[in-house]
Amino acid sequence: MTHVLIVGSGPAGLTLAIELARRGVDLRIVERSPRPPGGVRGKGLQPRTLEVFDDLGVIDEILATGAVYPGLRSYIGDEVVWEGRMDELREPSPGVPYPNVIMQPQWRTERILRDRLAELGHRVEYGMEVTGVEQDADGVTATLASGERVRSAYLVGADGGRSTVRKAAGIAFPGVTHEAERMLLADVKARGLDREHWHLWGSLQDRSLYFSLCPLPGTDIYQLVAPDPAHDDLAALVAEHAPHVRIEEIVWRSEYRVNIRLAERFRAGRIFLAGDAAHVHTPAGGQGLNTGVQDAYNLGWKLAIGSEALLETYEDERKAVAEHVLGLSTRLYREGDHRRGDDTNQLDLAYLGSALSVGERGGERLGTYFAEQRGTGFLLLADRAPGFASTAEITVLPPLDGQRGVMLVRPDGYIGYHGDESGLSAYLSGFGIAAPLSSAAR
């Protein structure tokens with residue numbers, strides 16, 4: 001018996017495991033693959049995800065081993081015909097401490113998260129495929145390929161686009177798979193190129209003529225993206241477009257099909273979906289991995305508290321975000337738009353209209369007090385501590401300039417309640433959040 005069983009150990013599953021582990025919630029995280037995956041796959045960490053990683057205690061290594069995106073250099077043959085950037089580099093500010101997208105190979109992001117999870121006393125269990133899932137009023141029973149049956153209060157499917165958990169829960173996954181739109185992804189060692197630019201040939205608008213080589217920070221690898229996944233001779237493919245470039249070694253390769261899908265539900269009883277199990281995107285805009293991390297960041301503190309009223313808000317909040325992000329990434333892909341900025345950095349995503357968002361600024365990202373937001377508790381922005389036996393761990397901080405009333409900031413950094421102090425107790429009790437005040441708030 002465990003309180004939460006997480007199926008899948010990608011960025012979403014690992015983020016959720018860390019969120020639960022640092023709150024002392026009993027968990028297991030199982031992965032059907034026999035070992036951590038190779039290959040780069042996703043590589044862009046958006047500013048909002050970097051704020052999450054700050055809270056989780058991994059930001060220093062993420063920044064030390066990653067890098068801002070390099071400038072773009074476009075060629076016809078060996079001739080450079082254009083140079084530019086996909087984003088505008090910005091300086092940190094009090095409201096945006098991590099303003100730039102960081103390039104970080106997904107395998108390294110996952111390794112950093114696994115190391116953090118190990119510090120908290122938990123490890124991924126590899127080679128543990130879930131073959132069946134059943135639930136009742138009191139919990140969920142998962143059957144593993146080994147024959148072991150694992151009983152949990154809640155089960156979270158973070159097991160990718162082909163999610164076994166989603167299928168077992170009977171949740172439809174409508175959308176489209178463009179069989180004709182396939183790409184080759186490969187990690188290669190090459191010579192004849194600098195490592196200060198992302199090198200491109202052809203046009204994003206006409207993907208049949210497009211390929212690129214992107215240097216990956218902290219490695220001697222380039223990520224190759226090409227339109228012909230069936231091409232066996234990558235060296236010949238590259239030489240055809242870029243005579244001065246030589247492929248010396250293929251470290252990893254895979255085929256990608258364009259999928260655009262959104263689960264009809266993110267929850268079925270005691271089963272929840274997160275990451276690619278709930279939504280799959282085109283690669284444009286670097287939204288998929290980041291949206292999965294945000295799913296887990298939203299769900300973790302709610303599972304830890306565990307009230308039904310709180311858990312009911314997960315699907316409402318995250319499905320609305322996923323719908324928006326899917327629309328954005330699809331548009332960027334169709335238009336061949338490589339620009340990145342306020343539309344893609346996920347800083348403006350909010351939970352407006354959620355049952356958890358009360359008052360004028362309810363649902364907004366706070367955008368300040370970042371150091372104080374680290375940890376697992378709530379912040380209360382008020383002139384004094386509340387006059388009632390309070391809820392969860394609450395730290396009281398001075399109100400913002402011009403703030404009216406009190407603001408309660410959720411553990412994931414969004415404003416939950418904004419209004420008169422008289423309504424705060426009812427708000428908290430309505431979502432079943434109950435524990436003594438922290439010493440910092442007394």
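## Two positive-phi residues in one loop

Y369 sits in the loop between α8 and α9. In this predicted model, Y369 takes a positive phi of about 55 degrees, even though it is not a glycine. That's worth a second look, because most residues other than glycine have a negative phi. As for exposure, Y369 comes out at 19% relative accessibility, so it counts as buried, the cut-off being under 20%.

Q346 belongs to the loop between α8 (308-335) and α9 (370-373) as well. Here too phi is positive, about 70 degrees, and again the residue is not a glycine. Q346 is buried, with a relative accessible area of 3%.

## Helices α7 and α8

Two packed helices are described by the angle between their axes and the distance between the axes. For helix α7 (residues 288-305) and α8, the axes come within 9 Å and cross at roughly 175 degrees. With anything over 145 degrees counted that way, α7 is therefore roughly antiparallel to α8.

On the α7 side, the contact is made by T291, Q294, D295, N298, L299, W301, K302, L303 and I305. Facing them from α8 are L310, L311, T313, Y314, E317, R318 and V325. Sorted by type, the residues of this contact split into 8 nonpolar, 4 polar and 4 charged.

## Strands β9, β10 and β11

Start with strand β10 (residues 140-144), which is mostly covered: 4 of its 5 residues are buried. Strand β9 (residues 130-135) pairs with β10 in the antiparallel sense, over 5 bridges. One pair to look up is V130, whose bridge partner in β10 is L144. Between β9 and β10 there are 4 residues, and the two strands form a hairpin.

Next comes strand β11 (residues 149-157), joined to β10 by 4 bridges, again running antiparallel. T141 has R151 as its bridge partner in β11. β10 and β11 form a hairpin too, with 4 residues between the strands, and in it G147 takes a positive phi near 100 degrees.

## The four-stranded sheet

An open sheet of 4 strands follows the order β21-β20-β22-β23, and its pairing is mixed. β21 (394-397) and β23 (415-419) are the edge strands, each with a single partner strand, so one side of each has no neighbour in the sheet. From one strand to the next, the twist averages 15 degrees.

If you'd like a place to zoom in, try strand β22 (residues 406-409) and β23: they run antiparallel and are joined by 4 bridges. L408 stands opposite Y417 in β23.

## The three-stranded sheet

There's also an open sheet of 3 strands, ordered β3-β7-β4 with antiparallel pairing. The edges are β3 (44-45) and β4 (67-68); each has a single partner strand, so one side of each is left without a neighbour in the sheet.

β3 and strand β7 (residues 102-103) pair in the antiparallel sense through 2 bridges. In that pairing, G44 stands opposite M103 in β7.

How values were computed
Residues numbered from 1 in each chain as written. Predicted model: local features only at pLDDT ≥ 70, side-chain atom pairs only at ≥ 80, totals over all residues. Heavy atoms only, no water. Pairing = 2+ DSSP bridges. Axes fitted to C-alpha atoms, helices over the stretch in contact; angles between N-to-C directions. Buried < 20%, exposed > 50% of the residue type's maximum accessible area, 1.4 Å probe, protein only. Parallel < 35°, antiparallel > 145°, perpendicular 65-115°, else oblique. Contact = heavy atoms within 4.5 Å. Nonpolar A, V, L, I, M, F, W, Y, C, P; charged D, E, K, R; others polar.
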